[in-house]
Amino acid sequence: MRTVWRRTRSFSGPVQLLMVNQFAINLAFYMLMPYLAAHLAGTLGLAAWAVGLVLGVRNFSQQGMFLIGGTLADRFGYKAPIMAGCLLRTVGFGLLGGVDNLPALIAASAATGFAGALFNPAVRAYLAAESGERRVDAFATFNVHYQAGMLLGPLVGLALLAADFRLVCAVAAAVFAALTVLQWRALPARHGEPTEGREAGVLAQWRTVVGNRPFLLFAVAMIGSYVLTFQVYLALPLAAGRALGERGTWATSGLFVVSAAVAVAGQLRLTGWAKRRWEPAQALVRGLAVMGLAFVPLALVPPGAPAAVVVALVAAVVLLAAGSAVVYPFEMDTVVSLSGGRLVATHYGLYNTVSGLGITLGNLATGALWDFAVRNGALWPAWGALAATGLGCAAAVAALARGGRLTAREERQLVGV
């Protein structure tokens with residue numbers, strides 16, 4: 001932790017504040033969200049379809065609105081969407097603990113989702129602009145704070161849940177309220193480069209981003225990495241439950257802890273190691289390959305061997321987290337490079353929207369493949385498909401790098417074209 005603290009202090013005040021903000025954002029979010037479904041179904045007695053609707057609205061209002069959030073950040077500056085997102089999540093989390101009818105719950109869920117769509121692209125664009133040439137290191141340190149919030153949030157929420165779910169909501173809302181005030185008082189206003197076209201219309205902004213072919217190809221190539229990362233919530237818990245029965249829930253909790261702990265403990269070391277040995281494109285390709293290979297141990301586990309499944313699950317989570325830790329800072333840096341420093345938040349917004357759509361489609365495909373594998377008594381096709389997804393992503397990014405597509409925009413700027 002001393003290394004993390006020293007690295008954080010080495011950045012400017014605004015970057016430090018953004019990192020602390022992200023830790024608090026994830027702390028508050030994950031102290032509430034893992035327990036929301038149980039509250040809706042248990043305490044409020046909602047039907048399963050209603051619970052799914054409330055949760056689905058939150059996901060859609062975030063993933064589907066990232067482009068809007070990024071567009072607003074590029075037009076009005078980064079500070080305003082960050083503050084608005086924190087304020088909106090304060091309201092949304094407060095409502096989740098205080099209402100019990102479906103329309104109000106849907107409105108609260110939509111508010112919490114749109115809040116994320118507002119501040120996520122703005123935070124990343126601000127971080128990229130403020131950190132300058134240290135973007136990779138900044139995003140690596142940022143991810144440590146991100147993962148630390150994910151690690152501690154559920155534990156804090158579980159402790160508060162012993163009293164009342166409304167207390168969980170109140171504390172989470174209070175955290176976001178404090179963040180709103182903190183942004184207002186301490187975060188300097190920041191815009192992107194003057195060339196980002198704030199005077200142009202929204203459609204012109206979108207045409208610029210959609211017309212950035214290297215960026216779009218990179219976004220599509222990276223979809224599979226998000227599908228693989230999401231398997232901590234889908235395929236891995238299904239495997240734990242199938243192998244361990246009721247104990248699978250505890251095993252799943254343990255997997256979350258292991259995943260976050262690997263990221264927190266290893267992110268800075270892995271980033272430094274990768275920077276010394278590889279070019280950014282090489283780091284992306286090899287990190288993606290490791291993410292795909294994470295599922296190979298599960299494909300090799302013999303049926304009817306719970307202990308072996310547990311070992312394979314831990315190995316998968318460790319490799320998946322390590323590969324993701326290698327990929328993340330170089331991935332975020334590549335988005336900025338491909339944007340050429342223009343409309344950075346809008347690029348991040350569209351990038352997140354593309355990945356969110358990919359996660360939805362990928363999860364549908366993974367679920368269908370899992371059902372097919374279970375019916376046929378062999379899970380290796382599901383694990384093999386996930387491994388192939390990671391290796392396919394690595395091959396796609398390698399092809400883009402060989403074709404010069406990962407640096408095209410920056411090179412055009414350097415030669416004045």
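Buried means under 20% relative accessible area, exposed over 50%, and partly exposed in between, with a 1.4 Å probe and protein chains only. This is a predicted model, in which local features need pLDDT of at least 70 and side-chain atom pairs count only at pLDDT 80 or more, while totals for chains, interfaces and linings use all residues. Residues are numbered from 1 along each chain as its sequence is written, and side-chain values use heavy atoms, with hydrogens and water left out.

**Exercise 1. Salt bridges**

Find how many salt bridges the whole structure holds, and place the partners of Glu130 and Asp137.

Solution.
- Step 1. A salt bridge is a side-chain nitrogen of Lys or Arg within 4 Å of a carboxyl oxygen of Asp or Glu. The search of the whole structure returns four.
- Step 2. Glu130 pairs with Arg190, at 2.6 Å from N to O. Helices are DSSP runs of H or I with at least four residues, strands are runs of E with at least two, and both are numbered from the N terminus. Glu130 belongs to helix H7 and Arg190 to the loop between H9 and helix H10 (202–210), so this pair ties together parts 60 residues apart in sequence.
- Step 3. Glu130 is partly exposed at 25% relative accessibility. Arg190 is also partly exposed, at 25%.
- Step 4. Asp137 has Lys275 as its partner, with the closest N and O atoms 3.1 Å apart. Asp137 is in helix H8 and Lys275 in helix H14 (residues 248–277), so the pair ties together parts 138 residues apart in sequence.
- Step 5. Asp137 is buried, at 15%, whereas Lys275 is partly exposed, at 39%.
- Step 6. A further salt bridge joins the side chains of Asp164 and Arg166, at 2.7 Å from N to O. Asp164 is partly exposed, at 29%, and Arg166 is exposed, at 55%.

**Exercise 2. Helix H9**

Check the length of helix H9 (residues 165–186) and decide how its buried residues are arranged around the axis.

Solution.
- Step 1. The expected span of a helix is 1.5 Å times one less than its number of residues. For the 22 residues of H9 this gives 32 Å, and the end C-alpha atoms are 31 Å apart, which agrees.
- Step 2. The buried residues of H9 are Phe165, Val168, Cys169, Ala172, Ala173, Val175, Phe176, Leu179, Thr180 and Gln183. They fall within an arc of only 150° around the axis, so they are on the same side of H9. The arc is that of the directions from the helix axis to the C-beta atoms.
- Step 3. On the face turned away from this buried side are the exposed residues Arg166, Trp184 and Arg185.
- Step 4. Contact means heavy atoms within 4.5 Å. The buried residues of H9 pack against helix H2 (13–32), helix H3 (36–43), helix H6 (79–98), helix H7 (102–131) and helix H8 (135–161).

**Exercise 3. Nonpolar cores**

Describe the largest nonpolar core and name the residues that touch the most other members.

Solution.
- Step 1. A nonpolar core is a set of buried Ala, Val, Leu, Ile, Met, Phe, Trp, Tyr and Cys residues joined through side-chain atoms within 4.5 Å. In soluble globular proteins, nonpolar side chains tend to be buried together.
- Step 2. The largest core has 112 residues, and Leu32 and Phe295 touch the most other members. Helix H17 (residues 306–339) supplies the largest share of this core, 14 residues.
- Step 3. Not counting residues up to four places away in sequence, Leu32 touches Phe93, Leu96, Phe165, Val168, Cys169 and Ala172.
- Step 4. Another core, of six residues, lies apart from the largest one, and its members include Val4, Ala140, Ala148 and Val264.

**Exercise 4. Cysteines**

Count the disulfides and explain why Cys86 forms no bond with Cys169.

Solution.
- Step 1. A disulfide is a pair of cysteine sulfur atoms within 2.5 Å. The whole structure has zero.
- Step 2. The closest cysteine sulfur to that of Cys86 is in Cys169, and it is 17 Å away, too far for a bond.
- Step 3. Cys86 is buried at 1% relative accessibility, and Cys393 is buried at 6%.

**Exercise 5. Two helix positions**

State the setting of Asn352 and of Val156.

Solution.
- Step 1. Asn352 is in helix H18 (residues 344–375) and is buried, at 13%. Leaving aside neighbours within four places in sequence, Asn352 is in contact with Gln63 and Phe66.
- Step 2. Val156 lies in helix H8 and is partly exposed, at 33%. Not counting residues up to four places away in sequence, Val156 touches Leu27 and Met31.
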